[in-house]
Amino acid sequence: MNQERKQAYLNLLHQLLTCPKGKEMKIINSNLELVDAELLQVMAQSADYLTAKGQQNAANFLRRIRSKLLKGLAISETLTSPKVSSEEYHKFLIEILLATNNSKGDREAVYQLLVANLDKLDHNFINILQTWATAELSAEEPEIATEIANTIWEFSTLISDFPLGNQANNREIAIAGYQTMLKVFTNQSNQEIWAAIQNNLGNAYCDRIRGNRANNLEKAIDAYQIALEVYTKSDFPEDWASTQNNLGIAYCERIRGDRADNLEIAIEAFQLALEVRTKPDFPIDWAITHYNLGNAYCERIRGDRADNIEEAIEVYQLALEVRTKPDFPIDWASTHNNLGIAYSDRIRGDKANNLEKAIAQYQLALEVYTKRDFPEEWARTLYNLGNAFSNRIVGETKENLENAIACYENASAIFTREDFPEDWDNLQRLIAKLLIQLRN
């Protein structure tokens with residue numbers, strides 16, 4: 001698949017995703033020269049990418065169109081993924097490692113090669129990478145082996161962030177690369193690099209799509225804790241703080257263990273990170289950790305609930321000192337949405353005022369969270385806004401209930417019964433409840 005044709009496929013998918021409802025097949029019929037097995041392959045990869053980005057509706061839409069094309073063309077699933085020989089995988093591996101080594105930090109040069117070889121980013125590539133690397137690293141002189149391992153490390157980081165292709169495969173490749181590096185860099189031979197690999201491995205397990213989620217988070221926590229054996233506050237303050245922040249996120253999401261204990265550990269880790277991540281020295285990291293700390297306080301089980309919500313509001317507001325709309329629009333919107341949740345749940349202060357503040361926060365978030373650009377976040381924020389309107393004290397009851405229903409109905413356009421059954425069911429129940437209130 002050459003780059004020009006690849007771009008033509010992507011342009012076609014963009015047309016399909018943005019066209020008016022019911023016009024899909026007209027667009028397909030106008031581009032029949034592009035309808036082939038490779039298009040179906042690109043559609044599958046793009047759908048996986050959209051799923052990983054949380055855009056499930058768009059992903060499902062592409063899969064439905066792809067299914068229709070499969071039936072119409074009588075193309076089997078096996079034909080959409082042409083068989084690649086071991087020699088081709090090996091050649092691609094060498095090419096991508098050379099490109100990584102020569103890129104001098106320019107990830108786009110590597111990404112162009114990845115885009116042209118999306119069909120090779122699979123479990124077979126992982127096997128080739130591990131087999132080749134194990135043989136090369138054991139046969140080469142230490143200096144050469146170290147250079148190879150460093151290149152694999154850089155490639156693993158690049159593939160972990162690569163936005164195209166199958167995201168589950170990309171994460172598996174990154175994990176395999178980091179694990180391969182640990183055969184060269186040990187705690188004894190190079191502590192600093194060994195700790196950095198452990199931290200990156202922890203990030204990869206936190207983001208992992210395959211495997212058991214509970215197991216993946218345990219592996220991430222183990223990797224972060226191993227990294228902290230080297231990353232001490234005195235010797236590596238920035239790395240120590242970054243790993244503490246990552247550890248806090250993992251404990252917030254942890255499935256095993258006592259939930260209350262996990263959140264206490266998370267809060268402690270975020271607070272430790274803030275000993276280094278100060279606003280004057282590391283403003284962006286300072287804001288990130290405050291945002292994470294706010295999330296942890298919102299969910300905290302121990303302590304006084306009213307105090308926890310006040311803490312959450314305070315740290316979200318601190319984060320917004322850095323997370324401004326012009327500089328960090330997505331982070332700004334996320335923080336405003338979460339601040340709205342905190343005000344909705346607030347125990348202290350006047351309930352009516354708190355709900356007005358919550359509504360204002362959600363409406364700010366919706367300035368960035370549009371239906372087109374962030375459909376799921378848009379729907380989730382509308383869901384929250386609908387809840388606030390349904391409980392609103394200020395204003396006319398009828399108008400508030402109508403606003404709430406409108407929010408829920410708009411959210412239902414994304415939270416469909418097919419894609420989000422639980423959310424859809426909750427929305428229909430809430431709409432029915434409010435309609436009854438309006439009639440009475």
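Modeller: Two helices count as roughly perpendicular if the angle between their axes lies from 65 to 115 degrees. The model under discussion is predicted, and this cut-off applies to several of its helix pairs.

Biologist: What makes α5 and α8 roughly perpendicular to each other?

Modeller: The axes of α5 and α8 cross at roughly 90° and come within 9 Å. An angle of roughly 90° falls inside the range of 65 to 115 degrees, and the two helices are therefore roughly perpendicular. Their contact joins Ile96, Leu97, Thr100 and Asn101 of α5 to Glu147, Thr151, Ile152, Glu154, Phe155 and Leu158 of α8.

Biologist: How many residues of the contact of α5 with α8 are charged, and what makes them so?

Modeller: Two are charged, alongside five nonpolar and three polar residues. Glu belongs to the charged class, and Glu147 and Glu154 of α8 take part in the contact.

Biologist: Why are α5 and α7 also called roughly perpendicular?

Modeller: Helix α5, residues 86-102, and helix α7, residues 123-139, cross at roughly 65°, with axes that come within 10 Å. The range for the term begins at 65 degrees, and α5 and α7 are therefore placed in the roughly perpendicular class. The crossing is right-handed.

Biologist: Which residues of α5 and α7 meet, and how do they divide by class?

Modeller: On the side of α5 they are Ser86, Tyr89, His90, Phe92, Leu93, Ile94, Ile96 and Leu97, and on the side of α7 Asn124, Phe125, Ile128, Leu129 and Trp132. Of these residues 10 are nonpolar, three are polar and none is charged.

Biologist: How do you know whether α7 and α8 are roughly parallel or roughly antiparallel?

Modeller: α7 packs against helix α8, residues 142-161, at an angle of about 160°, the axes being 10 Å apart. The antiparallel class takes angles over 145 degrees, and the two helices are therefore roughly antiparallel. Their crossing is left-handed. Phe125, Trp132, Ala133, Glu136 and Leu137 of α7 contact Ala145, Ile148, Ala149, Ile152 and Phe155 of α8. By class, nine of these residues are nonpolar, none is polar and one is charged; Glu counts as charged, and Glu136 is in the contact.

Biologist: Why is Met181 called buried?

Modeller: The relative accessible area of Met181 is 1%, and the term applies under 20%. Met181 therefore qualifies as buried. The residue lies in helix α9, residues 167-181. Beyond residues up to four places away in sequence, Met181 touches Ala149, Ile152, Trp153, Ile193 and Ile197. The C-alpha atom of Met181 is also 9.0 Å from that of Ile148, although 33 residues separate the two along the chain.

Biologist: What makes Gln198, found in helix α10, buried or exposed?

Modeller: Its relative accessibility is 7%, against a limit of under 20% for buried residues; Gln198 therefore counts as buried. Outside its neighbours within four places in sequence, Gln198 contacts Leu182, Ala223, Ile226 and Ala227. Arg346, by contrast, is 39 Å away from Gln198, C-alpha to C-alpha.

Biologist: How do you know that Asn308 and Ser344 belong to the buried class?

Modeller: Asn308 has a relative accessible area of 2% and Ser344 one of 17%. Both values are under 20%, and each residue is therefore buried. Asn308 sits in helix α15 and, leaving aside neighbours within four places, contacts Tyr297, Arg300, Arg302 and Gly303. Ser344 sits in helix α16, residues 329-345, and touches Lys351, Ala358, Tyr362 and Ala388, not counting residues up to four places away.

Biologist: What makes Tyr291 and Tyr316 an aromatic pair, and is that pair tilted or stacked?

Modeller: The structure holds nine aromatic pairs. In this one, the ring centres of Tyr291 and Tyr316 are 6.1 Å apart, and a pair requires centres within 6.5 Å. The planes make an angle of 50°, which is neither under 30 degrees nor over 60, and the pair is therefore tilted. Both tyrosines are buried. Tyr291 belongs to helix α14 and Tyr316 to helix α15, so the pair ties together parts that are 25 residues apart in sequence.

Biologist: Which residues do ring pairs link into a cluster?

Modeller: The cluster consists of Tyr383, Tyr408, Phe415 and Phe420.

Definitions and conventions
Residues are numbered from 1 along each chain as its sequence is written. This is a predicted model: local features need pLDDT of at least 70, side-chain atom pairs count only at pLDDT 80 or more; totals for chains, interfaces and linings use all residues. Side-chain values use heavy atoms; hydrogens and water are left out. Axes are lines fitted to C-alpha atoms, for helices over the stretch in contact, and angles run from 0 to 180 degrees between N-to-C directions. Helices (H or I, at least four residues) and strands (E, at least two) are DSSP runs, numbered from the N terminus. Angles under 35 degrees count as roughly parallel, over 145 as roughly antiparallel, 65 to 115 as roughly perpendicular and the rest as oblique. A crossing is left-handed if the near helix is turned anticlockwise from the far one by less than a right angle, and right-handed if clockwise. Contact means heavy atoms within 4.5 Å. Buried means under 20% relative accessible area, exposed over 50%, partly exposed in between (1.4 Å probe, protein chains only). Rings of Phe, Tyr and Trp (its six-membered ring) pair if their centres lie within 6.5 Å; planes under 30 degrees apart count as stacked, over 60 as edge-to-face and the rest as tilted.
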